[in-house]
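Welcome, and thanks for taking a look at this one with us. Please have the sequence and the 3D view side by side as you read.

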Amino acid sequence: MAKQDYYEVLGISKSASAAEIKKAYRKMAIKHHPDKNPDDKGAEEKFKKAAEAYEVLSDDNKKARYDQYGHAAFDGPQGGGGFGGGGMNMEDIFSQFGDIFGGGFGGFGGGGQRQARVKGSNMRIRVKLTLEEIAKGVEKKVKVRRKVQAEGVSYKTCGTCNGSGQQMRVTNTILGRMQTATTCGTCQGAGETISSKPNGSDAQGLIVEEVTVPIQIPAGVTEGVQLKVGGKGNEAPGKNSIAGDLLVLIEEIPHETLKREGTNVHYDLYINLSEAVLGISKEVETVTGKVKIKIDAGTQSGKILRLKGKGLPSIERYGSGDFLIHVNVWTPQELTKEQRHFFEKMKGDENFEPSPKKSDKSFFEKVKDMFS
């Protein structure tokens, strides 16, 4: 079944501002919140859909990709957005988006408060990739130093909020007494405080540990793309806490002979004058392996050979680009006496006189064809 359009889910137009998107999500989340609709699976599903839509539309990069490609923008591995059709559970939603309610996500209509799950901080690393690795996708194993809960640390229920993670504040207004929930200042919403911690751990009962993290990098990534490895960032204190994420920034190592342009790859092939006149077969190294190409007799410098689909794959799975070979005829700069004599004889030969045909394309026309 086709997924519902994210704008339709929130009931907004594509031109909606960031404030309008946030307001629409807040309205939907309050209406369908599980605390207001106990045992209502339909309301829970709408609540999740609203959170999924907001997760994408509230992020400028994800929103731009969604506007261009729709749901297909996040179908690939490590797509970088969306909940993948319900991949994020209710606790993740509360943890990630509870802040837009200004006092915790829960406690509607006097109902039971939902304890916040404290999330550890995210970590950021850079990973450098060759063009060949980008072409095929690769698994990289990286060592990171992250904070984890020390072995032997123990926790007790917070005495300030009695484990709820929230404190109720009552204020008098002209409309009467108003009750609002705020995050507990003692436990920072965790509902727990440390009762004992081992030597060597910090005030939160955390230690630094070096771990090896495998990262699956999909084919077709570009310079500056940021991937997320969930739960591999720093841990947070508390039995019910969740770890932060490991954010991976992609860097592309410049290739010695190839130049990337989106999903297309360009290569400058140099041939000598004899090869251009007589024609020759050449073996060329592409990003996916070697291929043999034929240079026809009489090939002019500037000719572009296109190998369809031999470029880089699209990260959105919209096929692959092309491998473009730019043929350059190398003119010798030093000649022997015999060679010079030969070319002097050819000066007046009509076969050596430039005679471009109307069908021969100019450099600008070739460039235009490349991008058409």
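This report walks through charges on the surface, aromatic pairs and salt bridges.

## A positive patch

Please keep in mind that this is a predicted model. A good place to begin is the surface, where K23, K27, K31, K46 and K49 form a positive patch. Two helices, helix 2 (18-32) and helix 3 (41-57), each bring at least two residues to the positive patch. Helix 2 is the biggest contributor to the patch, with three residues.

K46 is one of the patch members, and its place is in helix 3. With a relative accessibility of 47%, K46 counts as partly exposed, because the exposed class begins over 50%.

## Aromatic pairs

Turning to the rings, the count comes to six aromatic pairs. One of them joins Y7 and Y66: their ring centres are 6.2 Å apart, and with 40° between the planes the pair is tilted. Y7 belongs to helix 1 (residues 6-10) and Y66 to helix 4 (residues 60-69), so this pair ties together parts that are 59 residues apart in sequence. Y7 and Y66 are both buried. Ring pairs also link Y6 with Y7 and Y66, giving a cluster.

Another pair to display is Y270 with W330, which is edge-to-face, at 6.2 Å centre to centre and 80° between the planes. Here the partners come from strands: Y270 lies in strand 11 (residues 264-272) and W330 in strand 15 (residues 323-330), so the pair ties together parts that are 60 residues apart in sequence. W330 has a relative accessibility of 47% and therefore counts as partly exposed.

## Salt bridges

How many salt bridges does the structure hold? There are 13 salt bridges in the structure. Among them is the one between K62 and E55, at 2.7 Å from N to O. Buried or exposed: which describes K62 and E55? Both K62 and E55 are buried.

K282 and E275 form a salt bridge too, with 3.3 Å between the closest N and O atoms. K282 is partly exposed, at a relative accessible area of 21%, whereas E275 counts as buried at 15% relative accessibility. The cut-off that matters here is 20%, because buried means a relative accessible area under that value.

For a salt bridge with exposed partners, try K290 and E283, whose side chains meet at 3.9 Å, N to O. K290 counts as exposed at 57% relative accessibility, and E283 counts as exposed at 55%. Elsewhere, R306, K308 and D322 are joined into one network by salt bridges that share partners.

Notes
Residues are numbered from 1 along each chain as its sequence is written. This is a predicted model: local features need pLDDT of at least 70, side-chain atom pairs count only at pLDDT 80 or more; totals for chains, interfaces and linings use all residues. Side-chain values use heavy atoms; hydrogens and water are left out. Patches are made of residues with over 30% relative accessible area and no salt bridge: like charges are joined within 9 Å, nonpolar side chains (Val, Leu, Ile, Met, Phe, Trp, Tyr) within 5 Å. Accessible areas come from the Shrake-Rupley method with a 1.4 Å probe; for residues, only the protein chains shown count as cover. A salt bridge is a side-chain nitrogen of Lys or Arg within 4 Å of a carboxyl oxygen of Asp or Glu. Lys and Arg count as positive and Asp and Glu as negative; His and the chain ends are not counted. The place of a charge is taken as NZ of Lys, CZ of Arg, CG of Asp or CD of Glu. Helices (H or I, at least four residues) and strands (E, at least two) are DSSP runs, numbered from the N terminus. Buried means under 20% relative accessible area, exposed over 50%, partly exposed in between (1.4 Å probe, protein chains only). Rings of Phe, Tyr and Trp (its six-membered ring) pair if their centres lie within 6.5 Å; planes under 30 degrees apart count as stacked, over 60 as edge-to-face and the rest as tilted.
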